[in-house]
Amino acid sequence: MKRALITGITGQDGSYLTEFLLKKGYEVHGIKRRSSSFNTGRLDGVYSDWHDSTSTLFLHFADLADASSLANLLGDIQPDEVYNLAAQSHVRVSFEIPEYTCDVTGTGVLRVLEALRRVGDGARYYQASSSEMFGSAIPPQSETTPFHPRSPYACAKLFGHAITVNYRESYGMFACSGILFNHESPRRGETFVTRKIARAAARIKGGLEQRLFLGNLDARRDWGYAPEYVEAMWLMLQQDQPRDYVIGTGETHSVKEFVACAFEHVGLEWQKYVQIDPRYYRPADVDILLADPDKARIELGWTHKTGFRELVKLMVDAETAALPAPERSLGRARAV
Ligand code: NAP
Ligand code: F7E
């Protein structure tokens, strides 16, 4: 039985990767950080009480800001594969807490790599790099496109990416960096724009809210469906050679298009409900991201399956299904 360690297991990608690896027969260990309330909701479908002797999923307290906790766990667990997904992952928030973001999202990568180098016994390593590192680089963006980060988050990710390449070249570690473009799902954090829009469309339709406040509607992103992206992470670690890959759909759409599609799906005219609140603007934004995922298609055999409109609809449908019963039937009855 192969053993994997996932940092960020309680996040969107961590939960899908856990399900994917458990289905493949892995023993999965995950790092969760201490929180004053439960933070394992996304794992509810697969987590069973640790008294259950048949369980192959184990959660441990650790933190990317605490090097000793990482080294202790790696030494104890001796995983075959490590997926480093933990991060302060919100770009807008990274302008508010830049130092913390750089510590966790940037230096945190170094802490995991150092622990791995010292006690990891040859485990393969996946680093969650981001298309945000491209920033204002001219699209389409591939593995050879020069980086131009536009936020503290992107700068921190760029450090994480560079140190991963450096540890591979310096110490011969099997370390891969996946440069993933935006990927979304009903498990996306509520403050990212796709989930915020999908949730508002369903709730306005159900009569629970009246307005949706957004920032930059002109930004364009290459949005894919998260469960498909975790397979690409795994594929990278199954190759003969460690390499870096861009993962995306090869299509770009604006925030405005996402809004229009979501509201159209529930039969509403978005212009009647959406208002601009400049507080959601960023000091510097990324205007357009568009992946050139050819290398992943050719070498990993990976391509996306879920298209833009399908993604929007499945997210809105999930929000409609999550409404309280009376509002849900109202939403369904009015949907076109
Ligand atoms: P997410 O939902 O925000 O999950 C982030 C995870 O990191 C959560 O489990 C969070 O724990 C954990 N975390 C945060 N600070 C930590 C710390 N100090 N120590 C330990 N764990 C910590 O992010 P995601 O969308 O799943 O993305 C996964 C990774 O891919 C992130 O590194 C993200 O930056 C990167 N990425 C995401 C995308 C995307 O479009 N989703 C694209 C490119 C790259 P809590 O649950 O307790 O908050
Ligand atoms: O913003 C605009 C905003 O926060 C997308 C993270 O997973 O993907 C994500 O970062 C766009 C931006 O994602 C609102 O200005 C307008 O241009 O959903 P987002 P992001 O910044 O692209 C990358 C690849 C990551 O690596 C990150 O971890 O939408 N926008 N109005 C808004 N954004 C938000 N959040 N809220 C608004 O009201």
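# A tour of a parallel sheet and its helices

Visitor: Let's start inside the protein: is S177 buried or exposed?
Guide: Happy to begin there, keeping in mind that the model is predicted. The relative accessibility of S177 is 0%. The cut-off for burial is under 20%, so S177 counts as buried.

Visitor: Which strand holds S177, and which residues does S177 contact beyond its neighbours within four places in sequence?
Guide: S177 belongs to strand β6, residues 175-180. Leaving aside neighbours within four places in sequence, the contacts of S177 are Q127, S129, H161, T164, M236, R243, D244 and Y245.

Visitor: In what order do the strands of the sheet run?
Guide: The sheet is open and has seven strands. Their pairing is parallel. Reading across the sheet, the order is β3-β2-β1-β4-β5-β6-β11.

Visitor: Which strands stand at the edges of the sheet?
Guide: Look for strands with a single partner, because one side of each is then left without a neighbour in the sheet. Two strands fit that description: β3 (57-61) and β11 (245-247).

Visitor: What does the twist of the sheet average from one strand to the next?
Guide: The twist is taken between successive strands of the sheet. From one strand to the next, it averages 20°.

Visitor: Now to β4: which residue of β4 is the bridge partner of A4?
Guide: Strand β1 (residues 3-7) runs parallel to β4 (residues 81-84), and four bridges join them. One of the opposed pairs is L5 with V82 of β4. For A4, the bridge partner in β4 is E81.

Visitor: And which residue of β5 is the bridge partner of Y83?
Guide: β4 and β5 run parallel and are joined by four bridges. Within β5, the partner of Y83 is Y126.

Visitor: Which residues of β4 are buried on one side, and which on the other?
Guide: In a regular strand, side chains alternate between the two faces of the sheet. Both faces of β4 are covered. The buried residues are E81 and Y83 on one side, and on the other V82 and N84.

Visitor: What angle does helix α4 make with β5?
Guide: Helix α4 (residues 98-119) packs on the sheet and touches both β4 and β5 (124-130). Comparing the direction of α4 with that of β5 gives about 170°.

Visitor: Let's turn to helix packing: are α8 and α10 parallel or oblique to each other?
Guide: The axes of α8 (residues 255-265) and α10 (residues 308-321) come within 9 Å and cross at roughly 55°. The crossing is right-handed. That angle lies outside the ranges for roughly parallel, antiparallel and perpendicular, so the two helices are oblique.

Visitor: How many charged residues does the contact of α8 with α10 have?
Guide: On the α8 side the contact is made by E257, F258, C261, A262, E264 and H265, and on the α10 side by F308, R309, V312, K313, M315, V316 and D317. Sorted by class, seven are nonpolar and one is polar, while the number of charged residues is five.

Visitor: At what angle does α6 cross α10?
Guide: Helix α6 (residues 193-205) passes α10 in a right-handed crossing. Their axes come within 8 Å. The two helices are oblique to each other, with a crossing angle of roughly 50°.

Visitor: Which residues of α10 make the contact with α6?
Guide: By class, this contact has four nonpolar, two polar and three charged residues. From α6 come T194, R195, A198, R199 and A202. From α10 come M315, V316, E319 and T320.

Visitor: Which residues does the cis peptide bond join?
Guide: Look in the loop between β5 and α5 (152-171), where P140 is found. The omega of the cis bond is about -5°. The residues joined are P139 and P140.

Visitor: Q78 has a positive phi although it is not a glycine; what is the relative accessible area of Q78?
Guide: The phi of Q78 is about 50°, and Q78 lies in the loop between α2 (67-77) and β4. Q78 counts as partly exposed, because its relative accessible area is 31%.

Visitor: And D121, is that residue buried or exposed?
Guide: D121 is not a glycine either, yet has a positive phi of about 50°. Its place is in the loop between α4 and β5. Its relative accessibility of 70% is over the 50% cut-off, so D121 counts as exposed.

How values were computed. Residues are numbered from 1 along each chain as its sequence is written. Chains are lettered from A and ligands numbered from 1 in the order in which they are written. This is a predicted model: local features need pLDDT of at least 70, side-chain atom pairs count only at pLDDT 80 or more; totals for chains, interfaces and linings use all residues. Side-chain values use heavy atoms; hydrogens and water are left out. Axes are lines fitted to C-alpha atoms, for helices over the stretch in contact, and angles run from 0 to 180 degrees between N-to-C directions. Angles under 35 degrees count as roughly parallel, over 145 as roughly antiparallel, 65 to 115 as roughly perpendicular and the rest as oblique. A crossing is left-handed if the near helix is turned anticlockwise from the far one by less than a right angle, and right-handed if clockwise. Contact means heavy atoms within 4.5 Å. Ala, Val, Leu, Ile, Met, Phe, Trp, Tyr, Cys and Pro count as nonpolar, Asp, Glu, Lys and Arg as charged, and the others, Gly among them, as polar. Two strands pair if DSSP finds at least two bridges between them. Buried means under 20% relative accessible area, exposed over 50%, partly exposed in between (1.4 Å probe, protein chains only).
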